[in-house]
There are 2 protein chains.
Amino acid sequence: MDSGAVILDLNQLRRSCASCALHELCLPAGIYGDDLRQLDAAIRDKRTLERGATLYRDGDAFRALYVVRSGSLKTFLQNEAGDLQILAFHLPGEILGFDALASNQHVSQAEALEHSSICELPYARLMQVSNEVPALHRQLMRVISREMVAEHRHLVMMGRQPAQERLAIFLQNLVDRYAHLSRDDISLTLSMSRYDIANYLGLVVETVSRLFTRMQETGVLEVNRKSVRILRPDLLAELCSTQHPVPMKRHDHD
Amino acid sequence: MDSGAVILDLNQLRRSCASCALHELCLPAGIYGDDLRQLDAAIRDKRTLERGATLYRDGDAFRALYVVRSGSLKTFLQNEAGDLQILAFHLPGEILGFDALASNQHVSQAEALEHSSICELPYARLMQVSNEVPALHRQLMRVISREMVAEHRHLVMMGRQPAQERLAIFLQNLVDRYAHLSRDDISLTLSMSRYDIANYLGLVVETVSRLFTRMQETGVLEVNRKSVRILRPDLLAELCSTQHPVPMKRHDHD
DNA sequence: CGCTTCGTTGAACAGCTTCAAACCTTGTGG
DNA sequence: CCACAAGGTTTGAAGCTGTTCAACGAAGCG
């Protein structure tokens, strides 16, 4: 629909799943041989997105699932009133678009946070292949389930955690997810703005900014705009769980 | 594993999907003839749960998905520290257990809110059938997706909405979901406690109680313990969306 | 270099929570 | 049948965390 860069990149991007660095982290995990070749054939030409570009928006017809190959995206919901909630940030190897399976149209919006490349998985073909390759079917369900579990964690954070814990959990989560993508597990480059982080955590920018400052003052991390270095992973881990001054009311039913 | 009542109920419970009142709302929606018979054969003897009984808990091996046939359940996450977040309430026709697909064990807990009956769908057999019945496969994915979309709404509520809006949305949602289960669309019987409601909404009991009182005072509804009558559906609908005194900070990237 | 957007900091404010206590309901046993 | 206990629900007052409002500094972009 836009961006002439797509054509230029096609040659480098056109690579099979088998040779992709993300192979074991992505949809093909656990799929080999002929099955993998079949899956590979179902994957459409890769595309690239510039920062701020939309991959799909609310109401778009559902055609495909998408895998982040490089870069990162955010998905969010926006209501009539115009306010917006970020649902997730998506890193390489992660799959987007599952929200559209229910109604055959997307009910959220996906936007690149930086220059990113994407593998497109046309759903019709994916279904064909997965009819012949049970392993793919199972893998698809697993991936959706994983997505749900991640959302549960998000929900717990929103429901029960104070602001500092939220940011700590967010950072810890990013560290964990980047851990198997890069060798450096204490340095992060945040591709999203403070507004995005705040929104994702159910806070306002000011609060997030103050928390970064405080965490820097307490020596947990070093922050400079987009770049964050975790100086004390142990302290960060501690911050992730609220230390209850008073035990919570319980809900036992035996 | 327990409860002698199970055996007694088997005869009434042993009914095929084809004759079930929930047919079109449940997993078999859109599946007919031979396909339906195959699915039906994969569904295990139904079971009943008493109020407070656990269907599965965190760490349990994943064996089956479950459909609520009657009654209602809550699913929740509980961390080491002991605090708990309710993820969802499940009404008749809704499916539970998808969280376990990723890791082959449940990562949440499901508990009956009242006397409930459940259809058990052993996953291995479900997968066999869905390999032969592509429609079932698609339907399964749709149902998971629907679940995800519902969770997104929950997330938005937690992230952006003030307390009164949360309760209003919660009630409106229950009304909507009960609407196709019963003819009466203004009366609700809340099977969950105020604690559960508060927890689900990310609030404390006191706040929820005050909100019920306020909504009653403003004539939106009439509440008496578990029973709620919506007197002014129009007002309830209005309460669901925050009327911004000041437009929010936007996130345009255009 | 000026403009705009993003990020940080400070002070006042507000909404929800915490703490406390009373009331109501339900179930139990005398 | 009633007294009592235990948990669920409601109400009030005080307190705190995060928000709002405001202003400034820093970075990216024409």
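These legends describe close-up views of a predicted model.

**View 1. The two domains of chain A.** Chain A splits into domain 1 (10–146) and domain 2 (161–241). Their C-alpha centres lie 26 Å apart. In this view, 16 residues of domain 1 of chain A are in contact with 12 residues of domain 2 of chain A. About 1200 Å² is buried between the two domains, and carbon and sulfur atoms give 59% of that area.

**View 2. Polar links between the domains of chain A.** The count between domain 1 and domain 2 is 2 salt bridges. Glu94(A) and Arg177(A) meet through their side chains in a salt bridge, at 3.0 Å from N to O. Across this interface, 7 residue pairs are in polar contact. On the side of domain 1 that touches domain 2, strand β5 (residues 84–90) of chain A gives the largest share, 7 residues. That side of domain 1 holds 10 nonpolar, 3 polar and 3 charged residues.

**View 3. The protein around DNA strand C.** There are 18 residues around DNA strand C. Those that come nearest are Arg194(A), Arg210(A), Thr213(A), Ala163(B) and Thr207(B). The surface near the strand has 5 nonpolar, 5 polar and 8 charged residues. Its largest share, 4 residues, comes from α7(A).

**View 4. Side chains that reach DNA strand C.** Each distance here starts at a polar side-chain atom. For Arg210(A), a base nitrogen of DNA strand C lies 2.8 Å away. For Ser209(A), a sugar or linking oxygen of the strand lies 3.1 Å away. For Thr207(B), a phosphate oxygen of the strand lies 2.5 Å away. Of the strand's atoms within 4 Å of the protein, 64% belong to sugar or phosphate, and the rest to bases.

Definitions and conventions:
Residues are numbered from 1 along each chain as its sequence is written. Chains are lettered from A and ligands numbered from 1 in the order in which they are written. This is a predicted model: local features need pLDDT of at least 70, side-chain atom pairs count only at pLDDT 80 or more; totals for chains, interfaces and linings use all residues. Side-chain values use heavy atoms; hydrogens and water are left out. Domain bounds come from an automatic or database domain assignment. Contact means heavy atoms within 4.5 Å. Buried area is the accessible area (1.4 Å probe) that two parts lose on being put together, summed over both. A salt bridge is a side-chain nitrogen of Lys or Arg within 4 Å of a carboxyl oxygen of Asp or Glu. A polar contact is a pair of N or O atoms within 3.5 Å; within protein, one must be able to donate a hydrogen and the other to accept it, and residues adjacent in sequence count only if both atoms are side-chain atoms. Helices (H or I, at least four residues) and strands (E, at least two) are DSSP runs, numbered from the N terminus. Ala, Val, Leu, Ile, Met, Phe, Trp, Tyr, Cys and Pro count as nonpolar, Asp, Glu, Lys and Arg as charged, and the others, Gly among them, as polar. A residue is near a molecule or strand if one of its heavy atoms lies within 4 Å of it.
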